[in-house]
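User: I am new to this structure and would be grateful for a close look at a single part, the surroundings of the ligand. Please then place that part within the wider architecture.

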Amino acid sequence: MSESFMDRLISIDSLSALNSDGPRHCAQLLPPRNHPLKIKFILPALTEATSPYWRPIKYSLFPPLGLATLAAYLRPDDEAMIVDEHVEPLTLNDAPHLVVIQVYITNAYRAYRIADHYRAIGAFVCLGGLHVTSLPHEAAPHADAIFTGPGEQTFPAFLADFRTGSPRHIYSSNSGRTLERVPPIRRDLIHRSYYLVPNSIVVTRGCPQHCDFCYKDAFFQGGRGFYTQRVDDALAEIDRLPGRHLYFLDDHLLGDRRFAESLFAGMHGMRRIFQGAATVDSILRGDLIERAAEAGMRSIFVGFETLAPENLRRSNKRQNLNRDYKAVTDRLHSLGIMINGSFVFGMDSDDPTVFRRTVDWAVEHGLTTATFHIQTPYPGTRLHAQMQREGRIMTNNWDLYDTRHVVYRPAILDAETLKEGYDWAYREFYRWSAIARASLHHGTLKHHFKHFFYASGWKKFERLWDLMIRARRLNRMTPMLEAVLSRITRSDRAASLTDITSAPSPDATPERIA
Ligand code: SF4
């Protein structure tokens, strides 16, 4: 990242927030009738990603697919650009007709300042995304039009209104949600070399589950909460992507069994390797996970969240209740699939022992990577409503809602213990000795090395990642990622030096989360 990039990041911070003058009629802002539009799509940097000294790799993994999806609804003669502030500078000395900004909770204030700037110079500003959907009244004064819910139906409707000079102030996605006939994502607007995983893809929307702490229900309120692309369209999109590696960003890739079965069947012979996410119960049910592995799945994000059944019950995470977590890890490892486990600290049954118990479990069960979170009551969720009723919300400073800060009053823990325990868990899980110990869990040398390189590459070489991000050459590392995600074959298993499955396992006791 160049110095000027940093200077510009900081200069946006120093922009004074301009007063909103409310919705304006876009006839003043439109180019002459039928002239092409100049449109700028912006993903403002998340607050936790704006350090002038440091760029963690996790903010440069994926391009902003949501914005590229909206750009697909433009006319061919429109002039569009996408600026992702996580990987490139945002300049403000231009004059687009239309500015579309994606708002998450920890970039909300930044997004509003950028929106205010563009409105002040006469651009028409649209705001949408998770945070706008949760708090439309907060976002509205900074926008000419706001969008709640998914944009596949509302954005084309808005464009039609805008071109005729009569846009509305609010577009809500309430009915008719579908991914049928969605035009191909404008990947030509994405700078592939800026990302480690340029081939990210989303083939479903939403999730069939209803966890209390999840944004999903609020975002999809008023319409379908889970739906898929047509399998043919998904396969065609995969076919268009160069290279081998894919990352499915779907909340729950196995959420619709028939869709997933057809997708994996269609991927046979494509020689793809991919990563994705799924729930505990879907991994244990039927043979979908075997089909996924056959189609090329090499790593999976799993929301274990907590080892305490009471926490699962309280947060309505029913798909994890009465499930054998050890069976999940065993099954995935037997298929050569690496695991990224997600855990939440600070739920109401958590006491000070939760940190060590969780880290020990994750290491002992051979999780390759772990993502820890401090429980965060996002506005619009049932968890937030409950915390508010109980008077436990300590701050509405959205910059702190990054799952690294304590923003509510925990039930048993105190806030300091929770924060310290969270920091400790990350340090402890990613110690060299813990990485080595977790990697020894696997039955083959190849799986052992893959685990070791993936986990250490992720957390132990952040300086190197920082350099690659600054040089905008992250995609040079993609072949290395593909190598680490290569398949573990039967012969690898046969060549295993140690058959750990025949040794008495410390995990022999069935561990049920009940
Ligand atoms: S399973 Fe995951 S994506 Fe689905 S509702 Fe629960 S937390 Fe949200």
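Analyst: In this predicted model, the ligand is surrounded by C207, Q209, H210, C211, C214, K216, D251, H252, T279 and G303. Sorted by class, this shell comprises three nonpolar, five polar and two charged residues. The nonpolar members are C207, C211 and C214, and the charged members are K216 and D251.

The description now turns to the sheets. One open sheet consists of six strands in the order β7-β10-β11-β12-β14-β15, with parallel pairing. Its edges are formed by β7, residues 200-201, and β15, residues 369-374, each of which pairs on one side only. Strand β10 covers residues 245-248 and is joined to β7 by two bridges in the parallel sense. Within this pairing, S200 has Y247 of β10 as its bridge partner.

A further open sheet also has six strands, arranged in the order β2-β1-β3-β4-β5-β6, and its pairing is likewise parallel. Here the edge strands are β2, at residues 79-84, and β6, at residues 170-172; each has a pairing on one side only. On average, and with direction ignored, neighbouring strands of this sheet are turned by 15° against each other. Strand β1, spanning residues 38-43, runs parallel to β2 and is connected to β2 by six bridges. In that pairing, I42 stands opposite V83 of β2. Helix α3, residues 108-120, packs on this sheet and touches β1, β3 (98-102) and β4 (124-128). The direction of α3 makes about 160° with that of β4.

Three helix pairs complete the account. Helix α9 (residues 257-267) packs with helix α11 (residues 288-295) at an angle of about 25°, and their axes lie 8 Å apart. An angle under 35 degrees counts as roughly parallel, and α9 and α11 are therefore roughly parallel to each other. Their crossing is left-handed. On the α9 side the contact involves R257, A260, E261, F264 and M267, while α11 contributes L288, R291, A292, E294 and A295. By class, these residues divide into six nonpolar, no polar and four charged.

Helix α14 (residues 354-364) and helix α16 (residues 415-429) have axes that come within 9 Å and cross at roughly 25°. That angle makes α14 roughly parallel to α16. The crossing of α14 with α16 is right-handed. F355, T358, V359, A362 and V363 of α14 meet G421, W424, A425, E428 and F429 of α16. This contact has seven nonpolar residues, two polar residues and one charged residue.

Finally, helix α17 (residues 432-439) and helix α18 (residues 445-459) pack at about 150°, with 8 Å between their axes. Angles over 145 degrees count as roughly antiparallel, so α17 and α18 are roughly antiparallel to each other. Their crossing is right-handed. I435, A436, A438 and S439 of α17 meet H448, H451, F452, A455 and S456 of α18. The residues of this contact comprise five nonpolar, four polar and no charged.

Key
Residues numbered from 1 in each chain as written. Predicted model: local features only at pLDDT ≥ 70, side-chain atom pairs only at ≥ 80, totals over all residues. Pairing = 2+ DSSP bridges. Helix = DSSP H or I, 4+ residues; strand = E, 2+ residues; numbered from the N terminus. Axes fitted to C-alpha atoms, helices over the stretch in contact; angles between N-to-C directions. Parallel < 35°, antiparallel > 145°, perpendicular 65-115°, else oblique. Left-handed = near helix turned anticlockwise from the far one by under 90°. Contact = placed C-beta atoms within 7 Å. Near = placed C-beta within 6 Å.
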